[in-house]
Amino acid sequence: MRVSLLALGGAEAITIVNCMLLLFGGVAAFIIGMNMMGSNLETAAGKSMRRLMSKATKNRFLGVATGAAVTVIVNSSSATTVMIVGFVNVGLMTLAQAVPVVMGANIGTTVTAFVTAISTTGAEFQITALFAFVAFVGVLMSMIGKRDKIKHIGAILQGLGLIFIGMNVMSSSMGDMLSDDGIKSAVEGVFKAIGGTGGVPSWWQIIVLFLLGALLTGLMQSSAAITAIAISLASSSLISLPMAMFIIMGTNVGTCVTALFSSMGTSVNARRTAIVHLLFNLIGSIVFIIPLAFTSSYIANFLNSFIPSVSWQIAIFHMVFNLLTTGLLIGFIKYLVKLACLIVPDKSGAAAASDEHEMLDKRLLRTPAIAVGQVRKELTYMGKLAFENYKRGLNMLLTGDMGEVDEFAKTEKYINDYNSYISSFLVKLSLLELAEADEKKVSSFYHVASDIERIGDYAENIVEYAVRMREAKESFSEHAKAEIKEMDEHISELYKQVAHSFADIDLKNIDNIEREESATDDVCKKMQEAHLRRVNENRCSAEAGAIYLQLAINMERIGDHLHNIANSVKTYHSVI
């Protein structure tokens, strides 16, 4: 006889409340464990992730493999997709390169289902007890360990243990709740109304189950957590394997919500990446949900014939479904891209111009190891702008042609704004868990940004000298111009050597850098001595002479700041 929830007595109601609270606590422990393990694996595997991302651009199959591998590392397909949106936004990946990685992320996330299946199979108490002890070992390592690497390994073990503990709490709470016949009948009644606990769901029930999986995943922003709950429900015989299949398909669509939200306010291609993620999962679900509606019972019987555990059956279905979806759509990447371009059209005018070079995307903070590498690229770009402005200023001073003054002012403002933005980004980055080498890089980047900004300031001084010379109708002698050009040759060579050293973390040319920096000091002294000779010989006006001396000092200081940037590489080169 069916028993409604309202007909349950006080004791049963209290049991339900206690079990539900434990269920939510188990979900919380599971998610915390995933996040802890994923973030620390990511920190420990920073170099590996950078190598994986560089390989992702080779071909679509490497892209799929990269997406799967990175998702296993960070333990979340949502995190991987959000990461990819950030990469596309700052130009680390093109849209076409990002699509296979997104596909691979769907495959990588299925590993969590197998971890969950292990915790609910056979002697689950012994398995959970083993991993609970692993978590304890992790706590000891984090407390006692002196090195960052040991602490990260300890945190990984803690996260792994919490995943199993969370699953055990969920399974135990379900078991305790169903130990009472009245509660079991009432709960079974609820699930029978949705889709039945033993048979094949009807069409409307399939839609409800699919939407339920998508909605809950979107709300919790974790397909792994909903998959774990589905496995726990199936293990307790509250839902059938066919019901679980349609819930799992819904989670694939629900996990797109995180990337869609993350793409708001990003570049056009970044938003298209999130749309492609949604299209991929929607098309895969639509293509397979119709045949699955007619064959789910046969698939369930087939899996039952050689796999007794429903937990493993769900995990295998989850992986096979994502593999088939990827295999089906990997040949249609260019069409997915075209469809995304139709949904998110190109910008025009000023809006398009603002997309040409995005500042550091805060979404990169989800991947500190790669964020550090991107800061280096942005500092290299900022240094290029500062050096170009120096050359503009010097050209205006030597020729008297002020035609580039507006472009100079625009670039100088950009450098100042960019310096503030990078400094703010570095503050946020420094608060995250970083590897030892990355910590040293972030610390040095503060000084590099300041050095680049100072080079821009000295370039601004040179433009002011050009304005003063023009207003006073003064000009330098040919000898003075030759000395200025000699100094400029050394600074230009110094910049070339330093830019290579900083961008590639390469100190092989450090001797050349030292030699060029020393040459700027020597030429500065030579310029000062030559100026004194010209003054004594009355071959130099007071205004031109004063500007010449200030110029010599400014150019020599530009060399000093370039030298500082090269020296910054020494602070972390030895630990890379």
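# Briefing: cavities, helix α19 and aromatic pairs

Of the 576 residues in the protein, 52% are buried. The model described here is a predicted one. Its secondary structure consists of 23 helices with zero strands, and among contacts between residues at least 6 apart in sequence, 81% join residues that are at least 24 apart. The points below take up the internal cavities, a buried loop residue beside one of them, a helix, and the aromatic rings.

**Cavities**

- Two cavities of 30 Å³ or more are found in the structure, and the largest of them has a volume of about 150 Å³.
- The elements that each contribute two or more residues to the lining of this largest cavity are α18 (368-399), α20 (436-472), α21 (478-504) and α23 (542-573).
- The lining of the largest cavity comprises 16 residues, and those lying nearest its centre are G383, Y495, A499, L562 and I565.
- Sorted by class, the lining of the largest cavity has 13 nonpolar residues, together with two polar residues and one charged residue.
- The second largest cavity has a volume of about 30 Å³, and its lining is made up of S77, N106, T109, S223, N252, T255 and N322.
- By class, the lining of this second largest cavity has seven polar residues, with no nonpolar and no charged residues.

**T255, a lining residue of the second largest cavity**

- T255, which is one of the residues lining the second largest cavity, is located in the loop between α12 (241-254) and α13 (256-262).
- With a relative accessible area of 4%, T255 falls under the 20% cut-off and therefore counts as buried.
- Leaving aside residues up to four places away in sequence, T255 touches S77, S78, T217, S223 and H277; S77 and S223 are also among the residues that line the second largest cavity.

**Helix α19**

- Helix α19 (residues 405-430) has 26 residues, which at 1.5 Å a residue should span 38 Å, and this agrees with the 37 Å that separates its end C-alpha atoms.
- The expected value is 38 Å because the span is taken as 1.5 Å times one less than the number of residues.
- The buried residues of α19 are F408, T411, E412, I415, Y418, N419, I422, F425, L426 and L429, and they pack against α18 and α20.
- Of these two packing partners, α18 and α20, both also appear among the elements that give two or more residues to the lining of the largest cavity.

**Aromatic pairs**

- A pair of aromatic rings is described by two quantities, the distance of the centres and the angle of the planes.
- The structure holds nine aromatic pairs, one of which joins F332 and Y335 in a tilted arrangement, at 6.1 Å centre to centre and with 50° between the planes.
- Both members of that pair are partly exposed, F332 with a relative accessible area of 44% and Y335 at 45% relative accessibility.
- Y414 and Y418 form another tilted pair, with 5.3 Å centre to centre and 35° between the planes.
- Because Y414 and Y418 are four residues apart in helix α19, about one helical turn separates them.
- Within this pair, Y414 counts as partly exposed at 25% relative accessibility, whereas Y418 is buried with a relative accessible area of 0%.
- One aromatic cluster is formed by F288, F317 and F321.

Key
Residues are numbered from 1 along each chain as its sequence is written. This is a predicted model: local features need pLDDT of at least 70, side-chain atom pairs count only at pLDDT 80 or more; totals for chains, interfaces and linings use all residues. Side-chain values use heavy atoms; hydrogens and water are left out. On a 1 Å grid over the protein atoms alone, a cavity is a set of points where a 1.4 Å probe fits but cannot get out, and a pocket is an open set with protein on both sides within 12 Å along at least five of seven lines; lining residues have an atom within 4 Å of a point. Grid points are joined across faces, edges and corners, and a volume is the space filled by probe spheres set on the points. Ala, Val, Leu, Ile, Met, Phe, Trp, Tyr, Cys and Pro count as nonpolar, Asp, Glu, Lys and Arg as charged, and the others, Gly among them, as polar. Buried means under 20% relative accessible area, exposed over 50%, partly exposed in between (1.4 Å probe, protein chains only). Contact means heavy atoms within 4.5 Å. Rings of Phe, Tyr and Trp (its six-membered ring) pair if their centres lie within 6.5 Å; planes under 30 degrees apart count as stacked, over 60 as edge-to-face and the rest as tilted.
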